[in-house]
Amino acid sequence: MTRLFIDSGILIEYFKGERNAVELFDEILDLVKEGKVSVVVNPIVFSEVVVILAKYSTGKSYLTLRKNPELITKNEQLKEVITYLLSPIFTRVGILPAIEDIAGELIIRYGLLPNDAFILATCKFYRVKYLISFDSDFEDACKKEGIVLIDNIKKLKKELGE
């Protein structure tokens, strides 16, 4: 089965209802239902999605959220997102010390920020060939590391032979 690593930006925009993200992720969900692909995420993706959507849904800053936990505990929209991220739709993989080592190398080699480096390192470690992301920061590193960056439905279908 083909594994696709999905970047947090896709999920964040999906939950916000951004058209391109919805179309792309809905296509991926169809492929999951057909048993053609699995969707891989790591704790970095979970964290980024939850934090950014908490800020988005409340209109509050990170600092305000930290000092007011009820803004999180009473946020039904955020609870739904968390439940969804923990559902069997996603194959959740951990970040092992070997992934930290790879991420460090990627930061030095390509100037990636740590979270992006952890995402790409996770793809490399777990041999996930496809990274689904709108983040152009991955372009050069993906090419050089043998990971296919997919940012639209047309490219997804082309790469998967649909």
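This report describes two helices, a few single residues, the cysteines and the empty spaces of one protein model.

The model is a predicted one, and every value below was computed from its atoms.

## Two helices

Helix α2 covers residues 19–33, and helix α3 covers residues 43–58; the table sets out their lengths and spans.

| Helix | Residues | Number of residues | Expected span | Distance between end C-alpha atoms |
|---|---|---|---|---|
| α2 | 19–33 | 15 residues | 21 Å | 21 Å |
| α3 | 43–58 | 16 residues | 22 Å | 22 Å |

For α2, counting 1.5 Å a residue leads to an expected 21 Å, and the C-alpha atoms at its ends are indeed 21 Å apart, so the two values agree. For α3, the expected span of 22 Å likewise agrees with the 22 Å that separates its end C-alpha atoms.

At the start of α2, a side-chain oxygen of Glu18 comes to within 3.2 Å of the backbone nitrogen of Asn20. Along the helix, the buried residues are Ala21, Leu24, Phe25, Glu27, Ile28, Leu29 and Leu31. Just after α2 comes Gly35, which has a positive phi of about 75°.

In α3, the buried residues are Ile44, Val45, Glu48, Val49, Val50, Leu53 and Ala54. The residue that follows this helix is Gly59, and its phi is positive, near 75°.

## Asn42, at the start of α3

Which part of the chain holds Asn42? Asn42 belongs to the loop that runs between β2 (37–41) and α3. With a relative accessible area of 3%, Asn42 falls under the 20% limit, and therefore counts as buried. A side-chain oxygen of Asn42 reaches to within 3.0 Å of the backbone nitrogen of Ile44, at the start of α3. The side chain of Asn42 also makes a polar contact, at 2.9 Å, with the side chain of Thr122.

## Arg3, in a strand

Arg3 is found in strand β1, which is made of residues 2–6. Its relative accessible area is 32%, a value between the limits of 20% and 50%, so Arg3 is described as partly exposed. Although Arg3 and Lys36 are 33 residues apart along the chain, their C-alpha atoms are separated by 8.8 Å.

## The cysteines

How many disulfides does the model contain? The count comes to zero disulfides. For Cys123, the nearest cysteine sulfur is that of Cys142, and it lies 6.9 Å away. A disulfide would need the two sulfur atoms to be within 2.5 Å, so this pair does not qualify. Seen from the other side, Cys142 is in no disulfide either, with the sulfur of Cys123 as its nearest at 6.9 Å. Cys123 is buried, with a relative accessible area of 0%, and Cys142 also counts as buried, at 1% relative accessibility.

## Empty spaces: a cavity and a pocket

Rolling a probe the size of a water molecule over the atoms shows where empty space is left.

The search gives one cavity of 30 Å³ or more, and the largest cavity holds about 30 Å³ of space. Its lining is formed by Leu53, Tyr56, Ser57, Gln77, Leu78 and Val81. The elements that give two or more residues to this lining are α3 and α6 (76–85). Sorted by class, the lining of the largest cavity has four nonpolar residues, two polar residues and no charged residues. One of these lining residues is Leu53, which was listed above among the buried residues of α3.

In the largest pocket there is about 160 Å³ of space. The residues that line the largest pocket are Glu139, Cys142, Lys143, Ile147, Val148, Leu149, Asp151 and Lys155. By class, this lining has four nonpolar, no polar and four charged residues.

Which element gives the largest share of the lining of the largest pocket? The largest share, three residues, comes from α9, while α9 (139–145) and β5 (148–150) each supply at least two residues.

Two residues of this pocket lining deserve a further word. Cys142, which lines the largest pocket, is the cysteine already described as buried at 1% relative accessibility. Ile147 lies in the loop between α9 and β5, and at 9% relative accessibility Ile147 counts as buried as well. Ile147 and Leu120 are 27 residues apart in sequence, and their C-alpha atoms are 8.3 Å apart in space.

How values were computed
Residues numbered from 1 in each chain as written. Predicted model: local features only at pLDDT ≥ 70, side-chain atom pairs only at ≥ 80, totals over all residues. Heavy atoms only, no water. Helix = DSSP H or I, 4+ residues; strand = E, 2+ residues; numbered from the N terminus. Expected span 1.5 Å × (residues − 1). Buried < 20%, exposed > 50% of the residue type's maximum accessible area, 1.4 Å probe, protein only. Polar contact = N/O pair within 3.5 Å; in protein donor to acceptor, adjacent residues only side chain to side chain. 1 Å grid on protein atoms, 1.4 Å probe; cavity = no way out; pocket = protein on both sides within 12 Å on 5 of 7 lines; lining within 4 Å. Points joined across faces, edges and corners; volume = space filled by probe spheres on them. Nonpolar A, V, L, I, M, F, W, Y, C, P; charged D, E, K, R; others polar.
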